[in-house]
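Please open the model in a viewer and keep the sequence panel visible. The tour below proceeds by selections, each followed by a short account of what is found there.

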Amino acid sequence: MNVGSYHKQSSREGLITLQANPRQVREFEQFASLVPKAINAAQRRAINKTLRWLRTHVARSVGQQERIAIAAVRQRLRAYTVGSNGQGRLWFGLNPIEASRVGRARQTRAGVSVAGRRYQGAFYRQVYGGTPDIWIRTASKHFRASDYPESEVSKAGGASSGWIAENDSRFPLAKAKISLEEVRPHFESWTNKAHQRLLVVMEQELNFEMHKLSRRTGNG
């Protein structure tokens, strides 16, 4: 097994992989007498506990930086517990997130506001699908592509609401979204912090296994 946790990114996602060799833990010699099964159990628990911590840490960090509700960030995170390869993974979807999901949207005469952001000239309405979103006509003088990344919608195709039939001439529309590109530089820091925490938790779990072994030996 390779030593050390690592991360990788693509245009659509980021993936942090947690793994650690027990020999990275201080004074590993104390655990040399443990059977491999006990060491593997300690390693599995340590990685899974660290994954839960990392998911919470990333959600809070991104929520604070991007002014996004933590619950919305959590929807982009998937934790995969330890498999047969001794690795745990945290997946993060990096596509732009719909602005309507980051807080409570409020319609005003000037547009829509949500989580401290203002979308002038926009409206909050159900257009496609079963839930309302924040939309703007791309022909509007208030339209700025940076506020609506990867979101242009034509009038053709898709399940539509009755609003479309009544306002067919107002297309195309764009849906307000928030880019997550600014979080990419943090993957290195998140990975390093998670790995250091993993080593601490692993030491605790190995101590627990050693304590169990000593109790069985003493009782025997």
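Begin by selecting strand β7 (residues 111-114) together with β8 in this predicted model. The two strands run antiparallel, and 4 bridges join them. Two facing pairs may be highlighted here: S113 stands opposite R118 in β8, and V114 has R117 of β8 as its bridge partner. Next, display the turn of this hairpin, where 2 residues lie between β7 and β8. One residue in the turn, A115, has a positive phi of about 50°.

Now add β6 to the selection. β6 and β7 are also antiparallel, joined by 2 bridges. Which residue of β7 is the bridge partner of Q107? The partner is V112. A hairpin of 3 residues leads from β6 to β7. With the three strands shown together, one sees an open antiparallel sheet in the order β6-β7-β8. Its edge strands are β6 (106-107) and β8 (117-120), and each of them pairs on one side only.

Proceed to the other sheet by selecting β1, β2, β3 and β4. These 4 strands form an open sheet with antiparallel pairing, and the order across it is β1-β2-β4-β3. Why is one side of β1 (6-9) and of β3 (77-80) left without a neighbour in the sheet? Both strands stand at the edges and have a single partner strand each, so one side of each remains without a neighbour there. If the sheet is viewed along its strands, its twist may be followed: from one strand to the next, the twist averages 15°.

Restrict the view to β1 and strand β2 (residues 13-18). This antiparallel pair is held over 4 bridges, and Y6 stands opposite T17 in β2. The two strands form a hairpin, with 3 residues between them.

Then select helix α1 (residues 36-66), which packs on this sheet and touches β2, β3 and β4. The direction of α1 makes about 20° with that of β4.

For the next stop, select V62, I68, A72, V73, R76, F92, I97 and L180. These residues line the largest cavity, which holds about 30 Å³ of space. The count of cavities of 30 Å³ or more comes to 1. What is the character of the lining: how many of its residues are nonpolar, polar or charged? The lining divides into 7 nonpolar residues, no polar residues and 1 charged residue.

Finally, colour the model by pLDDT. The protein averages a pLDDT of 85, and 82% of the residues score at least 70. Among the elements, strand β4 (residues 88-93) has the highest mean pLDDT, at 97, while helix α3 (residues 162-166) has the lowest, at 40. Select residues 159-167 as the last stop: the pLDDT is below 50 over this stretch. Beyond near neighbours in sequence, the stretch has 16 contacts in the model. Where pLDDT is low, the predicted coordinates should not be read in detail.

Terms used:
Residues are numbered from 1 along each chain as its sequence is written. This is a predicted model: local features need pLDDT of at least 70, side-chain atom pairs count only at pLDDT 80 or more; totals for chains, interfaces and linings use all residues. Side-chain values use heavy atoms; hydrogens and water are left out. pLDDT is the predictor's confidence in each residue, from 0 to 100. Contact means heavy atoms within 4.5 Å. On a 1 Å grid over the protein atoms alone, a cavity is a set of points where a 1.4 Å probe fits but cannot get out, and a pocket is an open set with protein on both sides within 12 Å along at least five of seven lines; lining residues have an atom within 4 Å of a point. Grid points are joined across faces, edges and corners, and a volume is the space filled by probe spheres set on the points. Ala, Val, Leu, Ile, Met, Phe, Trp, Tyr, Cys and Pro count as nonpolar, Asp, Glu, Lys and Arg as charged, and the others, Gly among them, as polar. Two strands pair if DSSP finds at least two bridges between them. Axes are lines fitted to C-alpha atoms, for helices over the stretch in contact, and angles run from 0 to 180 degrees between N-to-C directions.
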